[in-house]
Amino acid sequence: MYAAVEHGPVLCSDSNILCLSWKGRVPKSEKEKPVCRRRYYEEGWLATGNGRGVVGVTFTSSHCRRDRNTPQRINFNLRGHNSEVVLVRWNEPYQKLATCDADGGIFVWIQYEGRWSVELVNDRGAQVSDFTWSHDGTQALISYRDGFVLVGSVSGQRHWSSEINLESQITCGIWTPDDQQVLFGTADGQVIVMDCHGRMLAHVLLHESDGILSMSWNYPAFLVEDSSESDTDSDDYSPPQDGPAAYPIPVQNIKPLLTVSFTSGDISLMNSYDDLSPTIIQSGLKEVVAQWCTQGDLLAVAGMERPSQLSDLSSGPLLKSAMVKFYNVRGEHIFTLDTLVQRPIVSICWGHRDSRLLMASGPALYVVRVEHRVSSLQLLCQQAIASALREDKDVSKLALPPRLCSYLSTAFTPTIKPPIPDPNNMRDFVSYPSAGSERLHCTMKRTEDDPEVGGPCYTLYLEHLGGLVPILKGRRISKLRPEFVIMDPRTDGRSDEIYGNSLISTMIDSCNCSDSSDIELSDDWAAKKSPKISRASKSPKLPRINIEARKSPKLSRAAQELSRSPRLPMRKPSIGSPSLARREFPFEDITQHNYLAQVTSNIWGTKFKIVGLAAFLPANLGAVIYKTSLLHLQPRQMTIYLPEVRKISMDYVNLPVFNPNVFSEDEDDLPGDAVREDR
C-alpha cells in the first residue's frame, strides 16, 4: 500500500477541530434504492466540531474532474451549542447528524430543502463520553461519564436507560455487529456487556493498569445495501489499470474483530470481549487514535512518537511529530506515514470508500490519500514530482506529454471543497467570480471601534470548516452618511509578508501549545479575533467620534483641501459623476494600497454607489437603491446593479461598464438588467 498527505495549502479553522465524521453523498432520487458506493461515494460531506461550539458540514470530492457539478452550497456552519463540540456522528441510513458538546448537550440535525435545522435536543447536564448509532441507524447509544447509559430510537423515543455503579468513568460505548449487545469501556480497563434490553451480562477486566480509550469493530459502521452496478468513474486518484480491482473485496465470512485501544498505546485485536489470547499491537505511540476502514482490512493508528524513538538526543531537544501506522487484520504492520504535524492528532476518519483518511490536529485538517494496492511506479513518480512543485500551474512548465501533465495535475486536486483562499491571491478571490456555480456564504462581524482612526470597522468572513476566514474589511468614513471604504483584512501597519507563505508557518507555530487551550490563529489570519457568534449577544454601543476630525467630505471639502489631507489613489471617474473625485479620507494608519473600493451614499441613505479604487478594478462597481413607503422608512423595494467583473487585460480596465449618471440622486430607476429584490 501507499499513503501520502495531499498537496496544497494547509486547511485550517479559526479554532481547534476536535472531532470528525464523514458520510457519502446520495442523491435524493436514489435514497430509497440500493446504494452504488463506487459512484456516489466519490462525493460526500465532512462534519467537524470545533472548540467554539460550531459544527461545520463541508462538501468533499475524490474525483479529479474539475468540471464536475457540485452542490450549490458546499459549506454549512451550524450554530447552537454553548460549549465546544466534542462528538459528531453521521447517521447514514437516515441522513441525520448527531452532535454533542462538552456540557452534555446533544443535538440531532436534519437537512430539509437545503437548510439544516435541529430535530431533537437532549441535555442531561452531564458530560457525554460517547454517542454511537446502531448499524441499521434506528437506535442511538449514549454513554455518560458518570455511569448513566441510554438507548433511544432515531425519532427520539427512549427505549431503556440504566445507571452503572463504577469507581471509574465510562470512556466509550459501541454496538456489536448484530446490534444485540452493547459494550462499554472504562478508565480502569474493564469492559461491561449488556444486552439490547438493558440487562447486565458480563464484567471483563482486560488490563489492570491501562484504561480503555476507544473500542471499534472491523465492520462497516452502517449496513447500507450496495448494488452491483458498475461505474466507469473511479474514486481512486490513480488512472484505471488492468489487474485487480481498485479496492479489495470487503471482508466477508470472517468473524469481526473487536479492537480495543489503551492509554499506553497498545491495541488489542480480539475475536470477542472474552477472548483469552488476543493479538497485541504495540504501536509505540502515545495518545493514539485508531479506526478501521470501511472494508475492514486496514487499521489506521495515529499518535505522537514517544521520546525513546527520537534519535540524536545530544544535539538538543527535537520536536515530536505525529505518525500514522497501518496494520492488517492479523496485526501486522504494513506502512508508516511520517507527518510534519507537531501536535497530537485528536480525530481521524475514513472517507470516499477508503481512498481518503482525514485527520484533525489542532485547528488544521489534513487529507491523506491512501492506495490499497501495491503502489505503481507511475504513482510514486507522480508523488515525487508533485512534492517538488509548489503549485498546479507549475505542471505546465514541465516538458511532458499532455496526458502525463493531466495525470500529474490530479495530485493537486483538493478533496475539501472549497479550499481556503490562497493568501497570496486573496485579491483575485474577492474581486473575480469563481469558476464554478457554488455559493460562498459569509458572515459579517463588527470587529473594532477606534475613534482615533475613524469610524467602526466591519470584517467579512468566509465560512469554512466550521470557522471564519477573513476576506474583506470595511470602515465607516462619514459621521453623517453611511459611507464606507473597503480594504484587505490586514493588520494595520503590517507588511505584505504577513499575508504570504509565512502565514502557514505562523498558524502551525501557534498550534504548539497545550491541548486544553482554545487556540486562536494569528491576528494575520483571524483578523484580530473571530469569536463564536452568539445569538443572544448584542453589538456594543458606538463610541463617540470626534466630528471635527471626521467631517463629511461634502460639508468640509474646502477645509480639507486647505489642510492637504492625504488622498486615496483614485482612478479618474467617468464624466457625469464629478463628486466621486473629491472624496477624501483622513486615514494615516493604513497603507494606501490596501484600499479596494468605496461605498458612497446620499444624505438619506437610500442610494449607494460602489466605486473601485484599486487599479485592477473598474471605476464603477455597482449601485443599490432603496424605495421606501410614505408611511414608514423601512425599505419596501431594493434594486441592485452589479456588473460582472472579469479578469481582463489592463487596456480594458478603464472602459466604462455602465453609465454612472443613472445613479444621480434625482432619478429612481436603473437599467433593465438590474437585479430587483422586493422586501
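Which residues form one aromatic cluster with Tyr-2? They are Phe-326, Phe-335 and Trp-350. The model discussed here is predicted.

## Nonpolar core

The largest nonpolar core has 29 residues. Those with the most contacts inside it are Val-324, Phe-326, Ile-348, Trp-350, Leu-357, Met-359 and Val-370. Two or more residues each come from strand 1 (2-5), strand 24 (299-305), strand 25 (322-327), strand 26 (333-338), strand 27 (347-351), strand 28 (356-361) and strand 29 (364-371). Strand 29 gives the most, with 4 residues.

In soluble globular proteins, nonpolar side chains tend to be buried together.

## Aromatic pairs

The count of aromatic pairs comes to 11. One of them joins Phe-131 and Trp-133. Their geometry is edge-to-face, with 5.2 Å centre to centre and 75° between the planes. Phe-131 counts as buried because its relative accessibility is 2%, under the 20% cut-off. Trp-133 has 6% relative accessibility, so it also counts as buried.

Phe-326 and Phe-335 form a tilted pair. Here the centres are 6.4 Å apart and the planes make an angle of 45°. Both Phe-326 and Phe-335 are buried. Phe-326 thus appears twice: it belongs to the aromatic cluster, and it ranks among the core residues with the most contacts. Trp-350 shares both the cluster and that list of core residues.

## Charges over rings

Two basic side chains sit over aromatic faces. Lys-23 lies over the face of Trp-90, at 5.1 Å from the ring centre. Arg-124 lies over the face of Tyr-144, with a distance of 4.7 Å to the ring centre.

How values were computed:
Residues are numbered from 1 along each chain as its sequence is written. This is a predicted model: local features need pLDDT of at least 70, side-chain atom pairs count only at pLDDT 80 or more; totals for chains, interfaces and linings use all residues. Side-chain values use heavy atoms; hydrogens and water are left out. A nonpolar core is a set of buried Ala, Val, Leu, Ile, Met, Phe, Trp, Tyr and Cys residues joined through side-chain atoms within 4.5 Å. Buried means under 20% relative accessible area, exposed over 50%, partly exposed in between (1.4 Å probe, protein chains only). Rings of Phe, Tyr and Trp (its six-membered ring) pair if their centres lie within 6.5 Å; planes under 30 degrees apart count as stacked, over 60 as edge-to-face and the rest as tilted. A charge sits over a ring if NZ of Lys or CZ of Arg is within 6 Å of the ring centre and within 35 degrees of the ring normal.
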